Amino acid sequence: MSDVPADLRYTKSHEWVRNNGDGTVTVGITDHAQEALGDIVFVEIPETGREVEAEEACAVVESVKAASDIYAPLAGEVIESNDLLNDSPDAINNSPYDEGWIFRLAPNDMAALSGLLDAAAYRQVVEDEV
Amino acid sequence: MALRTPLFSEHERLGARMVPFGGWDMPLHYGSQIEEHHAVRRGAGMFDVSHMRPVDIEGPEALAFLRYLLANDANKLTTPGKALYSCMLNPQGGVVDDLILFFRGAGRYRAVVNAATADKDLAWMQLQGEGRRVRISRRDDLAMIAVQGPDARARAAPLLRDGLREAALRIAPFFAAEDQRWFVGRTGYTGEDGFEIILPSEDSMGLWRGLAAAEVRPCGLGARDTLRLEAGMNLYGQDMDEAIGPLESGLSWTVAWTPEEREFVGREALKAQRDHPERRDFVGLLLTGRGILRPGQAVLANGRVVGEVTSGGFSPTLERSIAFARIAPIPSAHCTVVIRGREVSARVVNPPFVRHGTIRVTL
């Protein structure tokens, strides 16, 4: 079973969301997602300042196999993207929850975070897939 | 229910990610496709290619039959063991399949055809062979392991029996050596030196484990695809198919036009295509902008669509994206490719991109 940290929130489309406690969240893809994708070779990160809707495609992760959209888990403004991924896209494979983060978001409504999946619910999503 | 090779349980034991391919359950990778790719370029890797089908073609009219069946000329095979790459065409000049043909001795040949097309190929061969004194035998009893990389032959040789070992180490590239049980071709689909070993299914586990003990790394279809792309080798069904013939898929060199009196299936149609003014080129592309080239993406020159990508992906050796594309002839090497709605710069280059571990294009 892949790693599903208890302190994060999740989406059905395999993003994780970390509450930074300062009115921002950090977003990446889960260990399960990176494993399913295989070696990641290219990441298109969103531009800082971009306004996104919840479930809007705002980044692209390309593995050796295929390209996958990454969706904004909440509506808000992109305030930072992980430039490291331009040169080291494999950071997502090696460290999906830390160095492999994709972007930081200032959500319009922080309360909406509690509407996302918790670790137990996400674990169930993964189990139902197989 | 997908077919399984005799090594299926071994792939599962090694934790391979299995995927359906050509009717078979095959390993995609055993953890990291990119590391498997590098293992083949730098040392030695092995592939279970038992889904590919050996077909023995024998009889007094075997040569005459093959000269009619194939676009390349089996008459070029005069030394036993010699191999020939060829397309098998339909009357419209499209490709039924591509294959390697080995000459084993007077009236004795062995072809190796693709997995997904094996049934169709056999039916086609039987049909073309009707009324000829030729026996076409599909060898479902055989497995096949490809050992590839600069160290591949040295690591594999100790696992061959006396006699075969010496012969296998002596043969030139694109030749085969065999004994009563095993058939060893110095061939491959990676652009590296190595062997493709055809052997009875019951022998395959022993060879696989022996190679693993000699530190030959198991590699899946994922690495096989990026290796063949870098090596400038076509994939049937993607780069050519029943509608797209050899002249528009970079395989003109495999069509033997001489002697002119040799009739072969598809010859007339190909001749018409050869002289057609709108014949498309088959080229390599090196992506100079950011992104990954994928099959089906449109190629543009001077704002006009000139063709599309047929095979594409990330090249682990170049650390760039590369592709094959079928395009109308364009005046300069510069073009763009539409990736997810955006035009990204690319350059037309001559494959192969990589051979024998060395980059062959200017980055």
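Biologist: A polar contact here is a pair of N or O atoms within 3.5 Å, with one able to donate a hydrogen and the other to accept it within protein. How many residue pairs in polar contact lie between chain B and chain A?

Modeller: The model is predicted. Both residues of a pair must reach pLDDT 80 or more to enter this count. Between chain B and chain A, the count is 12 residue pairs.

Biologist: How many salt bridges does the rule find across the interface of chain B and chain A?

Modeller: Such a bridge needs a Lys or Arg side-chain nitrogen within 4 Å of a carboxyl oxygen of Asp or Glu. One of the pairs that meet this way is B:Arg340 with A:Asp69, at 2.5 Å, N to O. Across the interface of chain B and chain A, the total is 3.

Biologist: Which three residues of chain B supply 42% of the area it buries against chain A?

Modeller: The area buried between the two chains is about 1300 Å², and carbon and sulfur atoms give 47% of it. No other three residues of chain B supply more of its share than this trio. They are B:Arg290, B:Arg294 and B:Arg340.

Biologist: How many charged residues are on the side of chain B that touches chain A?

Modeller: Chain B brings 12 residues to the contact, and chain A brings 16. By class, the chain B side has 4 nonpolar and 3 polar residues. Its charged residues number 5.

Biologist: Now the domains within chain B. How far apart are the C-alpha centres of domain 1 and domain 2 of chain B?

Modeller: Domain 1 of chain B covers 8-47 + 140-230, and domain 2 covers 280-359. In contact are 11 residues of domain 1 and 17 residues of domain 2. The C-alpha centres of these two domains of chain B lie 30 Å apart.

Biologist: Which residues of domain 1 of chain B lose the most area to domain 2 of chain B?

Modeller: The two domains bury about 1100 Å² between them, 60% of it on carbon and sulfur atoms. Three residues together make up 55% of what the domain 1 side buries. They are B:Gly191, B:Leu229 and B:Glu230.

Biologist: Which elements give two or more residues to the side of domain 1 of chain B that touches domain 2 of chain B?

Modeller: The count between these domains is 0 salt bridges. The rule does find 8 residue pairs in polar contact there. By class, the domain 1 side has 2 nonpolar, 4 polar and 5 charged residues. The elements are helix 2 (33-42) and helix 8 (221-230) of chain B.

How values were computed
Residues numbered from 1 in each chain as written. Chains lettered and ligands numbered in written order. Predicted model: local features only at pLDDT ≥ 70, side-chain atom pairs only at ≥ 80, totals over all residues. Heavy atoms only, no water. Domains from an automatic or database assignment. Contact = heavy atoms within 4.5 Å. Buried area = accessible area lost by both parts, 1.4 Å probe. Polar contact = N/O pair within 3.5 Å; in protein donor to acceptor, adjacent residues only side chain to side chain. Helix = DSSP H or I, 4+ residues; strand = E, 2+ residues; numbered from the N terminus. Nonpolar A, V, L, I, M, F, W, Y, C, P; charged D, E, K, R; others polar.
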